[in-house]
Amino acid sequence: MNIYDVSKRAGVSIATVSRVLNGNEKVSEKTRQKVLAVMEETGYTPNAFARGLGLDTMKTIGILCADSSDSFLASAVYYIERELRGYNYDVLLCCTGYELETKQKYLELLLSKRVDAVILVGSNFVETTKEKNSYIADAAKRVPVIILNGFFEAENVYCALCDDAETMCRVTKSYLKAEKTDILYIGRSFSYSGIRKKEGFMRAYQEMGIKLRENQMIMLNGTIQDTRDFLIERAKQGIRESVILTSDDELAIGAIKYAGALGIKIPDELEIVGYNNSKLGICCEPELSTVDNKLEFSCMNAVTVLMKVLEGSQVPAKTMVSADVIVRNTTKICF
(Lines give C-alpha, C1' and ligand atoms only; values in the text may rest on other atoms or scores of the structure.)
Protein backbone atom coordinates (compact mmCIF):
# COMPACT_ATOMS: atom_id res chain seq x y z
CA MET A 1 0.00 0.00 0.00
CA ASN A 2 1.33 3.42 -0.99
CA ILE A 3 0.14 6.99 -1.31
CA TYR A 4 -1.17 6.34 -4.81
CA ASP A 5 -3.38 3.51 -3.56
CA VAL A 6 -4.71 5.71 -0.75
CA SER A 7 -5.59 8.52 -3.15
CA LYS A 8 -7.34 6.07 -5.49
CA ARG A 9 -9.41 4.43 -2.73
CA ALA A 10 -10.35 7.78 -1.19
CA GLY A 11 -11.17 9.29 -4.58
CA VAL A 12 -8.86 12.28 -4.06
CA SER A 13 -5.60 13.50 -5.56
CA ILE A 14 -2.15 12.55 -4.27
CA ALA A 15 -1.62 16.20 -3.29
CA THR A 16 -4.76 16.07 -1.12
CA VAL A 17 -3.50 12.97 0.67
CA SER A 18 -0.20 14.76 1.29
CA ARG A 19 -2.04 17.79 2.68
CA VAL A 20 -3.92 15.55 5.08
CA LEU A 21 -0.64 14.01 6.22
CA ASN A 22 0.82 17.44 6.86
CA GLY A 23 -2.27 18.84 8.61
CA ASN A 24 -2.98 21.47 5.98
CA GLU A 25 -6.07 23.46 6.96
CA LYS A 26 -7.15 23.88 3.32
CA VAL A 27 -8.54 20.32 3.31
CA SER A 28 -12.18 20.06 4.36
CA GLU A 29 -13.01 18.00 7.43
CA LYS A 30 -15.12 15.62 5.37
CA THR A 31 -12.25 14.90 2.96
CA ARG A 32 -9.77 14.62 5.79
CA GLN A 33 -11.87 12.00 7.57
CA LYS A 34 -12.31 10.05 4.33
CA VAL A 35 -8.55 9.91 3.72
CA LEU A 36 -7.78 9.04 7.35
CA ALA A 37 -10.37 6.24 7.25
CA VAL A 38 -8.68 4.69 4.20
CA MET A 39 -5.29 4.91 5.91
CA GLU A 40 -6.63 3.18 8.97
CA GLU A 41 -8.34 0.43 6.97
CA THR A 42 -5.25 -0.30 4.91
CA GLY A 43 -2.63 0.23 7.63
CA TYR A 44 -0.88 2.78 5.44
CA THR A 45 2.33 4.28 6.92
CA PRO A 46 3.48 7.47 5.16
CA ASN A 47 7.11 8.03 4.24
CA ALA A 48 8.98 11.33 4.02
CA PHE A 49 8.57 11.62 0.27
CA ALA A 50 4.82 11.10 0.49
CA ARG A 51 4.51 13.79 3.13
CA GLY A 52 6.41 16.20 0.91
CA LEU A 53 4.20 15.78 -2.14
CA GLY A 54 1.87 18.69 -2.78
CA LEU A 55 3.29 20.99 -0.09
CA ASP A 56 6.73 21.70 -1.58
CA THR A 57 8.40 20.68 1.66
CA MET A 58 10.04 17.50 2.82
CA LYS A 59 10.69 18.81 6.35
CA THR A 60 14.24 17.64 5.69
CA ILE A 61 17.51 19.60 5.73
CA GLY A 62 20.66 18.41 3.98
CA ILE A 63 23.97 18.76 5.81
CA LEU A 64 27.39 18.55 4.22
CA CYS A 65 30.38 17.91 6.49
CA ALA A 66 33.88 17.29 5.19
CA ASP A 67 35.05 14.94 7.94
CA SER A 68 32.88 13.57 10.76
CA SER A 69 36.00 12.37 12.63
CA ASP A 70 37.05 15.99 13.12
CA SER A 71 35.94 16.92 16.65
CA PHE A 72 35.01 20.49 15.70
CA LEU A 73 32.91 19.44 12.71
CA ALA A 74 31.34 16.52 14.59
CA SER A 75 30.27 18.85 17.39
CA ALA A 76 28.81 21.28 14.87
CA VAL A 77 26.75 18.55 13.20
CA TYR A 78 25.48 17.46 16.62
CA TYR A 79 24.38 20.97 17.61
CA ILE A 80 22.72 21.63 14.24
CA GLU A 81 20.87 18.30 14.17
CA ARG A 82 19.67 18.88 17.73
CA GLU A 83 18.29 22.33 16.85
CA LEU A 84 16.61 21.10 13.67
CA ARG A 85 14.98 18.27 15.55
CA GLY A 86 13.42 20.87 17.83
CA TYR A 87 11.75 22.35 14.75
CA ASN A 88 10.58 18.87 13.63
CA TYR A 89 12.99 18.70 10.71
CA ASP A 90 14.79 15.53 9.66
CA VAL A 91 18.41 15.54 8.51
CA LEU A 92 20.32 13.95 5.65
CA LEU A 93 24.08 14.00 6.33
CA CYS A 94 26.82 13.53 3.74
CA CYS A 95 30.53 13.45 4.60
CA THR A 96 32.33 14.77 1.55
CA GLY A 97 36.05 14.88 2.22
CA TYR A 98 37.94 17.96 1.03
CA GLU A 99 38.04 17.55 -2.76
CA LEU A 100 35.92 20.07 -4.68
CA GLU A 101 34.56 17.48 -7.12
CA THR A 102 33.28 15.30 -4.26
CA LYS A 103 31.71 18.26 -2.50
CA GLN A 104 29.89 19.19 -5.69
CA LYS A 105 28.72 15.59 -6.15
CA TYR A 106 27.23 15.29 -2.68
CA LEU A 107 25.59 18.70 -2.81
CA GLU A 108 23.82 17.67 -5.99
CA LEU A 109 22.83 14.39 -4.35
CA LEU A 110 21.15 16.23 -1.48
CA LEU A 111 19.31 18.51 -3.88
CA SER A 112 18.03 15.46 -5.77
CA LYS A 113 16.47 14.28 -2.49
CA ARG A 114 14.29 17.42 -2.50
CA VAL A 115 15.66 18.80 0.77
CA ASP A 116 14.25 22.13 1.94
CA ALA A 117 17.69 23.66 2.48
CA VAL A 118 21.37 22.78 2.76
CA ILE A 119 23.78 23.57 5.58
CA LEU A 120 27.49 23.52 4.78
CA VAL A 121 29.37 22.78 8.01
CA GLY A 122 32.84 24.30 8.02
CA SER A 123 34.72 26.96 6.09
CA ASN A 124 36.41 24.36 3.85
CA PHE A 125 33.35 24.47 1.57
CA VAL A 126 34.24 28.04 0.59
CA GLU A 127 36.87 27.86 -2.13
CA THR A 128 39.47 30.50 -2.97
CA THR A 129 37.94 31.65 -6.28
CA LYS A 130 34.50 32.75 -7.42
CA GLU A 131 34.50 30.15 -10.18
CA LYS A 132 35.07 27.29 -7.75
CA ASN A 133 32.30 28.62 -5.52
CA SER A 134 29.76 28.59 -8.35
CA TYR A 135 28.45 25.23 -7.11
CA ILE A 136 27.23 26.98 -3.96
CA ALA A 137 25.62 29.84 -5.88
CA ASP A 138 23.91 27.40 -8.24
CA ALA A 139 22.50 25.37 -5.35
CA ALA A 140 21.20 28.56 -3.71
CA LYS A 141 19.06 29.21 -6.78
CA ARG A 142 17.08 26.11 -5.79
CA VAL A 143 17.09 26.11 -1.96
CA PRO A 144 18.48 28.30 0.84
CA VAL A 145 22.12 27.56 1.67
CA ILE A 146 23.56 28.17 5.13
CA ILE A 147 27.34 28.25 5.62
CA LEU A 148 28.66 27.68 9.12
CA ASN A 149 32.04 29.21 9.94
CA GLY A 150 32.61 30.56 6.44
CA PHE A 151 31.52 33.40 4.19
CA PHE A 152 30.45 33.50 0.57
CA GLU A 153 28.32 36.28 -0.86
CA ALA A 154 25.51 35.16 -3.17
CA GLU A 155 21.73 35.35 -3.42
CA ASN A 156 19.96 33.04 -0.95
CA VAL A 157 23.21 32.20 0.87
CA TYR A 158 23.37 32.93 4.62
CA CYS A 159 26.51 32.74 6.74
CA ALA A 160 27.00 32.29 10.49
CA LEU A 161 30.58 32.61 11.68
CA CYS A 162 33.07 33.82 14.26
CA ASP A 163 35.30 36.82 13.60
CA ASP A 164 38.47 34.74 13.49
CA ALA A 165 40.67 37.53 12.11
CA GLU A 166 39.75 39.97 14.88
CA THR A 167 40.13 37.28 17.54
CA MET A 168 43.59 36.13 16.44
CA CYS A 169 44.70 39.75 16.08
CA ARG A 170 43.51 40.51 19.62
CA VAL A 171 45.24 37.47 21.15
CA THR A 172 48.49 38.22 19.30
CA LYS A 173 48.42 41.88 20.32
CA SER A 174 48.07 40.89 23.96
CA TYR A 175 51.49 39.26 23.76
CA LEU A 176 53.07 41.98 21.65
CA LYS A 177 51.96 44.60 24.16
CA ALA A 178 53.61 42.48 26.86
CA GLU A 179 56.82 42.71 24.78
CA LYS A 180 56.72 39.06 23.77
CA THR A 181 57.40 39.37 20.08
CA ASP A 182 58.88 35.91 19.46
CA ILE A 183 55.55 34.22 18.71
CA LEU A 184 55.09 31.17 16.51
CA TYR A 185 51.77 30.79 14.70
CA ILE A 186 50.86 27.27 13.54
CA GLY A 187 47.96 26.96 11.11
CA ARG A 188 46.43 23.88 9.55
CA SER A 189 44.57 24.78 6.37
CA PHE A 190 43.89 27.44 3.75
CA SER A 191 40.14 27.33 4.35
CA TYR A 192 38.22 30.59 4.76
CA SER A 193 38.59 30.40 8.54
CA GLY A 194 42.22 29.34 8.34
CA ILE A 195 43.10 32.27 6.11
CA ARG A 196 41.31 34.73 8.41
CA LYS A 197 43.22 33.49 11.47
CA LYS A 198 46.54 33.87 9.69
CA GLU A 199 45.56 37.34 8.51
CA GLY A 200 44.68 38.33 12.07
CA PHE A 201 48.09 37.19 13.31
CA MET A 202 49.88 39.19 10.61
CA ARG A 203 47.69 42.24 11.17
CA ALA A 204 48.62 42.37 14.84
CA TYR A 205 52.31 42.74 13.99
CA GLN A 206 51.55 45.29 11.32
CA GLU A 207 49.39 47.45 13.58
CA MET A 208 51.99 47.29 16.34
CA GLY A 209 54.74 48.26 13.90
CA ILE A 210 56.75 45.10 14.55
CA LYS A 211 58.37 43.14 11.74
CA LEU A 212 57.52 39.46 11.37
CA ARG A 213 60.36 36.99 10.86
CA GLU A 214 60.12 34.60 7.95
CA ASN A 215 59.82 31.48 10.12
CA GLN A 216 57.13 32.76 12.52
CA MET A 217 54.19 31.31 10.55
CA ILE A 218 53.98 27.57 9.88
CA MET A 219 51.28 25.58 8.07
CA LEU A 220 51.16 22.04 9.43
CA ASN A 221 48.31 19.66 8.60
CA GLY A 222 49.30 16.78 10.85
CA THR A 223 48.49 14.85 14.01
CA ILE A 224 49.40 15.71 17.59
CA GLN A 225 52.49 13.50 17.21
CA ASP A 226 53.42 15.17 13.89
CA THR A 227 53.26 18.60 15.53
CA ARG A 228 55.34 17.41 18.48
CA ASP A 229 58.03 15.93 16.24
CA PHE A 230 58.12 18.96 13.93
CA LEU A 231 58.67 21.35 16.85
CA ILE A 232 61.36 19.10 18.34
CA GLU A 233 63.28 19.09 15.04
CA ARG A 234 62.85 22.84 14.82
CA ALA A 235 64.25 23.27 18.33
CA LYS A 236 67.29 21.18 17.38
CA GLN A 237 68.02 23.85 14.77
CA GLY A 238 68.07 26.44 17.53
CA ILE A 239 64.65 27.91 16.76
CA ARG A 240 62.49 28.39 19.83
CA GLU A 241 59.77 30.86 20.78
CA SER A 242 58.23 31.84 24.11
CA VAL A 243 54.67 31.80 22.71
CA ILE A 244 52.89 29.41 20.35
CA LEU A 245 49.46 30.30 18.92
CA THR A 246 47.58 27.68 16.89
CA SER A 247 44.53 27.51 14.65
CA ASP A 248 43.06 24.53 16.52
CA ASP A 249 43.42 22.66 19.81
CA GLU A 250 45.00 19.56 18.30
CA LEU A 251 47.98 21.55 17.07
CA ALA A 252 48.27 23.22 20.48
CA ILE A 253 48.34 19.86 22.26
CA GLY A 254 51.13 18.80 19.93
CA ALA A 255 53.00 21.87 21.19
CA ILE A 256 52.37 20.79 24.80
CA LYS A 257 53.82 17.35 23.98
CA TYR A 258 56.87 19.03 22.43
CA ALA A 259 57.46 21.09 25.57
CA GLY A 260 57.15 17.99 27.73
CA ALA A 261 59.63 16.08 25.59
CA LEU A 262 62.28 18.80 25.91
CA GLY A 263 61.58 19.72 29.54
CA ILE A 264 60.30 23.20 28.66
CA LYS A 265 58.22 24.61 31.50
CA ILE A 266 54.66 25.69 30.68
CA PRO A 267 53.68 28.49 31.08
CA ASP A 268 56.89 29.95 32.60
CA GLU A 269 59.12 29.27 29.58
CA LEU A 270 56.47 28.68 26.90
CA GLU A 271 52.87 29.88 26.64
CA ILE A 272 50.45 28.05 24.31
CA VAL A 273 47.00 29.06 23.07
CA GLY A 274 44.71 26.74 21.12
CA TYR A 275 41.55 27.47 19.17
CA ASN A 276 37.98 26.04 19.15
CA ASN A 277 37.63 25.25 22.89
CA SER A 278 37.23 21.55 22.17
CA LYS A 279 37.06 18.81 24.79
CA LEU A 280 40.68 18.01 24.00
CA GLY A 281 41.68 21.13 25.91
CA ILE A 282 40.80 19.61 29.28
CA CYS A 283 42.16 16.15 28.45
CA CYS A 284 45.79 17.23 28.45
CA GLU A 285 48.25 18.25 31.14
CA PRO A 286 48.55 21.12 31.67
CA GLU A 287 45.01 22.01 30.59
CA LEU A 288 44.97 24.18 27.49
CA SER A 289 44.12 27.87 27.23
CA THR A 290 42.05 28.22 24.08
CA VAL A 291 39.83 30.49 22.03
CA ASP A 292 36.14 29.78 22.45
CA ASN A 293 34.64 30.60 19.07
CA LYS A 294 31.09 30.06 20.36
CA LEU A 295 30.42 27.04 18.14
CA GLU A 296 27.20 26.01 19.86
CA PHE A 297 25.79 29.53 19.67
CA SER A 298 26.76 29.85 15.99
CA CYS A 299 25.01 26.55 15.21
CA MET A 300 21.86 27.63 17.05
CA ASN A 301 21.98 30.96 15.25
CA ALA A 302 22.42 29.25 11.86
CA VAL A 303 19.29 27.13 12.41
CA THR A 304 17.30 30.14 13.66
CA VAL A 305 18.27 32.08 10.54
CA LEU A 306 17.28 29.14 8.35
CA MET A 307 13.86 28.81 9.98
CA LYS A 308 13.20 32.51 9.37
CA VAL A 309 14.26 32.17 5.75
CA LEU A 310 11.92 29.21 5.26
CA GLU A 311 9.12 31.28 6.81
CA GLY A 312 9.75 34.00 4.26
CA SER A 313 11.22 36.52 6.71
CA GLN A 314 14.01 38.94 5.86
CA VAL A 315 17.29 38.07 7.59
CA PRO A 316 20.87 39.36 7.27
CA ALA A 317 23.09 37.39 4.92
CA LYS A 318 25.92 37.39 7.45
CA THR A 319 25.87 37.07 11.24
CA MET A 320 29.17 37.18 13.10
CA VAL A 321 30.00 36.47 16.75
CA SER A 322 33.00 37.53 18.82
CA ALA A 323 35.12 34.91 20.54
CA ASP A 324 36.44 34.70 24.10
CA VAL A 325 39.69 33.26 25.41
CA ILE A 326 39.30 30.48 27.96
CA VAL A 327 42.32 30.85 30.25
CA ARG A 328 43.59 27.61 31.78
CA ASN A 329 47.12 26.48 32.63
CA THR A 330 49.18 27.05 29.47
CA THR A 331 49.18 30.87 29.70
CA LYS A 332 50.08 33.56 32.22
CA ILE A 333 48.94 36.64 30.33
CA CYS A 334 45.54 38.34 30.76
CA PHE A 335 43.69 38.73 27.47
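**Figure 1. Residue A76 and its surroundings in helix α5 of the predicted model.** A76 is buried, its relative accessible area being 0%; buried denotes a relative accessible area under 20%, exposed over 50%, and partly exposed the range in between, with a 1.4 Å probe and protein chains only. The residue belongs to helix α5, where helices are DSSP runs of H or I with at least four residues and strands are runs of E with at least two, numbered from the N terminus. Apart from neighbours within four places in sequence, A76 is in contact with V121, L148, L295 and C299, a contact being heavy atoms within 4.5 Å. Of these partners, L148 is 72 residues away in sequence, and the C-alpha atoms of A76 and L148 are 8.6 Å apart in space. The model is a predicted one, in which local features need pLDDT of at least 70 and side-chain atom pairs count only at pLDDT 80 or more, while totals for chains, interfaces and linings use all residues. Residues are numbered from 1 along each chain as its sequence is written, and side-chain values use heavy atoms, with hydrogens and water left out.

**Figure 2. The buried side of helix α5 (residues 71-86).** The buried residues of α5 are F72, L73, A76, V77, Y79, I80, E83 and L84. Because they cover an arc of only 165 degrees around the axis, they lie on the same side of α5; the arc is that of the directions from the helix axis to the C-beta atoms. An α-helix has 3.6 residues a turn, so residues three or four places apart point the same way. The buried residues of α5 pack against strands β1 (60-65), β2 (90-95), β3 (117-121) and β4 (145-148), and against helix α12 (295-311).

**Figure 3. Length and ends of helix α5.** With 16 residues at 1.5 Å a residue, α5 should span 22 Å, and its end C-alpha atoms are 23 Å apart, which agrees. The expected span is 1.5 Å times one less than the number of residues in the helix. At the start of α5, a side-chain oxygen of D70 comes to within 2.9 Å of the backbone nitrogen of F72. Just after the helix, N88 adopts a positive phi of about 65 degrees.

**Figure 4. Strand β1 and its parallel partners β2 and β3.** In β1, 6 of 6 residues are buried. T60, G62 and L64 point one way from the strand, whereas I61, I63 and C65 point the other way. β1 pairs with β2 in the parallel sense over 6 bridges, and with β3, also in the parallel sense, over 5 bridges; two strands pair if DSSP finds at least two bridges between them. L64 stands opposite C94 in β2, and its bridge partner in β3 is L120.

**Figure 5. The β1-α5-β2 crossover.** L64 of β1 stands opposite C94 in β2. Between these strands the chain passes through α5, and this β-α-β crossover is right-handed. The term right-handed applies if, with the strands pointing away from the viewer, the path from the first strand over the helix to the second runs clockwise.

**Figure 6. Contacts of T60 in strand β1.** T60 counts as buried at 8% relative accessibility. Leaving aside neighbours within four places in sequence, its contacts are Y89, D90, V91, L92, V115, D116 and A117.

**Figure 7. Cis peptide bonds and positive phi values in loops.** Most residues other than glycine have a negative phi, and most peptide bonds are trans. The bond from I266 to P267 is cis, with omega near 5 degrees, and P267 is in the loop between α11 (249-262) and β9 (271-275). The bond from E285 to P286 is likewise cis, with omega near 0 degrees; P286 lies in the loop between β9 and β10 (289-292). N276, also in the loop between β9 and β10, has a positive phi near 110 degrees and is buried at 14% relative accessible area. In the loop between β4 and β5 (157-162), N149 has a positive phi of about 70 degrees and counts as buried at 11% relative accessibility.

**Figure 8. Helix α12 and the residue that follows it.** The 17 residues of α12 should span 24 Å at 1.5 Å a residue, and its end C-alpha atoms are 24 Å apart, which agrees. Its buried residues are L295, S298, C299, N301, A302, V303, V305, L306, M307 and V309. L295 and C299 are among the contacts of A76. G312 follows α12 and has a positive phi near 95 degrees.

How values were computed:
A polar contact is a pair of N or O atoms within 3.5 Å; within protein, one must be able to donate a hydrogen and the other to accept it, and residues adjacent in sequence count only if both atoms are side-chain atoms.
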